[in-house]
Amino acid sequence: MRAPLLVVGDALLDCDLDGEVARLAPDAPVPVVHDAHRRTRPGGAALLAARSGHPVTFVTALGEDPGSAELRRLLEGEVDLVPLPLRGTLSRKTRVRGGGQSLLRLDEGEGRAAGPSRAAREAVARAGTILVSDYGRGTADVLRAPLTDAAGRDLLVWDPHPRGEAPVPGVRLVTPSLAEAARWAATEGGTDDALALAAGAARSLVREWGAASVCVTLGARGALLSHGEAPLFVPTPFTAPGDPCGAGDRFAAAAAALLSEGALTEEAVVGAVDAAARFVADGGAASVRAGADPSSSPGSSSPGGALPGDSPEDPFEVVARVRANGGRVVATGGCFDLLHAGHVALLEAARAAGDCLVVCLNSDASVRRGKGPGRPLVPARGRARLVAALGCVDAVLVFDEETPERVLRALRPDVWAKGADYTRDGLPEADLVESWGGQVVLVPYLAGHSTTALAHRAATRSPR
């Protein structure tokens, strides 16, 4: 069970009118969008709540207007909703798009939170991790006193907005964009160097806000984290062209979720940069569906989990591309704990058997069940990152079961490769692979290499 999150912020209703553009209007030099279809989704803080991947209690201002009713319907069953009174009507943002490009945005409704409620104050008081998503419409403002008290519990993440108030003192992590940080720090126009501007603004805001850390998001470049001294620059792990709408929200939600699971702030930022890049690559805010798992690509039914840093490519996209070109898909699996030369030799040999290699990686829980409570020595996020960095590996897929049969059934590789320390009869998944015409192959096992032996030598400091 993932740790619960409390999201406090301003909900919006987002609508896209998507169509095609083939001509200009005869009465004005504007594009004509035809065959447009409408899609409505949660926006603002509601986008974070819908895509966090964690159990969420959502405190936001809602009224009795049609927009509020529609948002309630979209969030039904997804979050534990704690409404505040709304003065006015819920804000709705409509993008008119043609051929995948935004042409125009219409903003309607300027409703603001009218005040706190007892239920909202109690939710803040008992929450573990709190994510404040301030869109300048008053939700954070009316709950400022209980949020100030919550900051002392060290798990408050704040995504600010220039129209709102500054974060309360003592926030664990503040996540402004570069433009927002520059405005807050009054450093706009001082330099053309984005990193230098971000570093100066973040350093200033750590002091001004009394925050433990400020992370300035830099769009496609990544993010820069500052505790007030030398900053940490975290580049995006891969280029993700696409609609960036909602990427900042996804970053804040991912950072809060990772912090709630015990990650260090630096680890949370690395994971959040990766999550935001994947969000853009998957289609941005337009990909959000009620009930969708944010770790999966839209429209897929992936049985494996994606961890930040595991692989810059979706394994199912890799498989589809290779198959479209007539290539052979190879898969292998294992724990790959304390990556060593024997692992590398196995993976290189497996890759040589086809045109791509997907590594099915045991999750931490799966490793513990198979090898005991002392394993893994390296968590799945780190193991996946190391394996994916090898040139012979095209993608990594994490699975949680005792055997990889479920992910194999989804991947349907042409070749399932294992080390020669196994036998065909010792592989329970062999019959499954062969059922669709796949081939089970054993590749040379590099003797003398073992994670257990390596860990023992490290613990006892014994010579080779």
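Helices here are DSSP runs of H or I with at least four residues, strands are runs of E with at least two, and both are numbered from the N terminus. This is a predicted model, where local features need pLDDT of at least 70, side-chain atom pairs count only at pLDDT 80 or more, and totals for chains, interfaces and linings use all residues. Residues are numbered from 1 along each chain as its sequence is written, and side-chain values use heavy atoms, with hydrogens and water left out.

**View 1. Glu 348 sits in helix 11, residues 341-351.**
Is there a partner from elsewhere in the chain to look for, and what is the C-alpha separation of Glu 348 and Cys 392? These two residues are 44 apart along the chain, yet their C-alpha atoms are separated by 5.7 Å. Glu 348 itself is partly exposed, with a relative accessible area of 47%; that label covers values between buried (under 20%) and exposed (over 50%), using a 1.4 Å probe and protein chains only.

**View 2. Helix 7 runs from residue 194 to residue 209.**
Its 16 residues reach 21 Å from first C-alpha to last, close to the 22 Å expected at 1.5 Å a residue. That expected span is 1.5 Å times one less than the number of residues. Plenty to spot here: the buried residues of helix 7 include Ala 194, Leu 197, Leu 205, Val 206 and Trp 209. Their cover includes strand 11 (173-174), helix 6 (178-185), strand 12 (214-217) and strand 13 (222-226). Right after helix 7 comes Gly 210, with a positive phi near 65 degrees.

**View 3. Trp 184 and Trp 209 form an aromatic pair.**
The structure holds 1 such pair. Rings of Phe, Tyr and Trp (its six-membered ring) pair if their centres lie within 6.5 Å; planes under 30 degrees apart are stacked, over 60 edge-to-face, and the rest tilted. Here the centres are 5.5 Å apart and the planes at 75 degrees, so the pair is edge-to-face. It links distant parts of the chain, with Trp 184 in helix 6 and Trp 209 in helix 7, 25 residues apart. Trp 209 is buried, at 4% relative accessible area.

**View 4. Strand 13 and strand 14 (residues 232-235) pair in the antiparallel sense.**
They do this over 4 bridges, and two strands count as paired if DSSP finds at least two bridges between them. Find Ala 223, and its bridge partner in strand 14 is Val 234. The hairpin has 5 residues between the strands, and Gly 228 there takes a positive phi near 110 degrees.

**View 5. Ile 130 belongs to the largest nonpolar core.**
A nonpolar core is a set of buried Ala, Val, Leu, Ile, Met, Phe, Trp, Tyr and Cys residues joined through side-chain atoms within 4.5 Å. This one has 81 residues, and Ile 130 and Leu 147 touch the most other members. Apart from it lies another core, of 21 residues, among them Val 318 and Leu 397. Leaving aside neighbours within four places in sequence, the contacts of Ile 130 (heavy atoms within 4.5 Å) include Leu 6, Val 8, Leu 147 and Arg 153.

**View 6. Asp 35 and Phe 336 have positive phi without being glycines.**
Asp 35, in strand 3 (residues 31-44), has a phi of about 55 degrees and is exposed at 66% relative accessible area. Phe 336 lies in the loop between strand 15 (329-334) and helix 11; its phi is about 50 degrees, and at 6% relative accessibility Phe 336 counts as buried.
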